[in-house]
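Subject: A structure for you to look at

Hi,

Here is the structure I said I would pass on. Have a look at it first, then read my notes underneath.

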Amino acid sequence: PSQLDTLSQQSFPPCMQYLHQKLKEDHHLKHGGRMQYGLFLKGIGVSLEDAIEFWRSEFTKVMSTREFEQQYLYNIRHNYGKEGKRVSYSPFSCSKILKANGGVKQYDGCPFYLFNNTA
């Protein structure tokens, strides 16, 4: 997790750079953003343990550890196939990301598409 800031600036696609930036600014992402970014992190090889540490380190800047564990830990584990149906989900494709239409404070989707449609 300590390398994600550098990697996000140097190697991530723009949609993931944008989500990383917004997570660092707000210390939170809404569900669509968490799914899109969380599955991307999984897809690039971030382990479940490191993913939990990463999300916890950001979210607990604006909430307690207990709140994080009660409200968000299950979904992280679910994405890795450790909860629920125990399906190991894949990262979103570009076509799926293009179809996302975020609302207020929702940063998922394609930033090129989102920025072009808000101008």
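Below is what I found in it, going through a few helices, then two loop residues and one glutamine.

Before you start, keep in mind that this is a predicted model.

**Helix 4**

I'd begin with helix 4, which covers residues 48–59. Its 12 residues reach 16 Å from the first C-alpha to the last, close to the 16 Å expected at 1.5 Å a residue. The buried residues in helix 4 are Leu48, Ala51, Ile52, Phe54, Trp55, Glu58 and Phe59. Because these residues cover an arc of only 165° around the axis, they sit on the same side of helix 4. What do they pack against? Their partners are helix 1 (4–10), helix 2 (14–26), helix 3 (31–43), helix 5 (65–71) and helix 6 (73–79).

**Two of its partners**

Two packed helices are described by the angle between their axes and the distance between the axes. Let's do that for two pairs.

Take helix 3 with helix 4: their axes come within 11 Å and cross at roughly 140°. That angle is neither over 145 degrees, the cut-off for roughly antiparallel, nor in the roughly perpendicular range of 65 to 115, so helix 3 and helix 4 count as oblique to each other. On the helix 3 side, the contact is made by Arg34, Tyr37, Gly38 and Leu41, and these meet Phe54, Trp55 and Phe59 of helix 4. Sorted by type, the residues of this contact are five nonpolar, one polar and one charged.

Now helix 2 with helix 4. Here the axes are 8 Å apart and the angle is about 45°, so helix 2 and helix 4 are oblique to each other too. His20, Leu23 and Lys24 come from helix 2, while helix 4 brings Phe54, Trp55, Glu58 and Phe59. This contact divides into four nonpolar residues, one polar and two charged. If you colour Phe54, Trp55 and Phe59 in your viewer, you will find them in the contact with helix 3 and again in the contact with helix 2.

**Helix 2 itself**

Helix 2 has 13 residues and spans 18 Å between its first and last C-alpha, close to the expected 18 Å. Which of its residues are buried? They are Cys15, Met16, Tyr18, Leu19, His20, Lys22 and Leu23.

**Two loop residues with positive phi**

Most residues other than glycine have a negative phi. Two residues here go the other way. His27, just after helix 2, has a positive phi of about 60°, and it lies in the loop between helix 2 and helix 3. Arg86 also has a positive phi of about 60° without being a glycine. You'll find Arg86 in the loop between helix 6 and helix 7 (94–99). Is Arg86 buried or exposed? Its relative accessibility is 56%, so Arg86 counts as exposed.

**A glutamine inside**

Last, look at Gln36 in helix 3. With a relative accessibility of 2%, Gln36 counts as buried. Leaving out residues up to four places away in sequence, Gln36 touches Cys15, Met16, Leu19, Phe92, Ile97, Asp108 and Gly109. Among these, Cys15, Met16 and Leu19 are buried residues of helix 2. Gly109 is 73 residues from Gln36 along the chain, and yet their C-alpha atoms are separated by 8.0 Å.

Have fun turning it around!

Definitions and conventions: Residues numbered from 1 in each chain as written. Predicted model: local features only at pLDDT ≥ 70, side-chain atom pairs only at ≥ 80, totals over all residues. Heavy atoms only, no water. Helix = DSSP H or I, 4+ residues; strand = E, 2+ residues; numbered from the N terminus. Expected span 1.5 Å × (residues − 1). Buried < 20%, exposed > 50% of the residue type's maximum accessible area, 1.4 Å probe, protein only. Arc of directions from axis to C-beta. Contact = heavy atoms within 4.5 Å. Axes fitted to C-alpha atoms, helices over the stretch in contact; angles between N-to-C directions. Parallel < 35°, antiparallel > 145°, perpendicular 65-115°, else oblique. Nonpolar A, V, L, I, M, F, W, Y, C, P; charged D, E, K, R; others polar.
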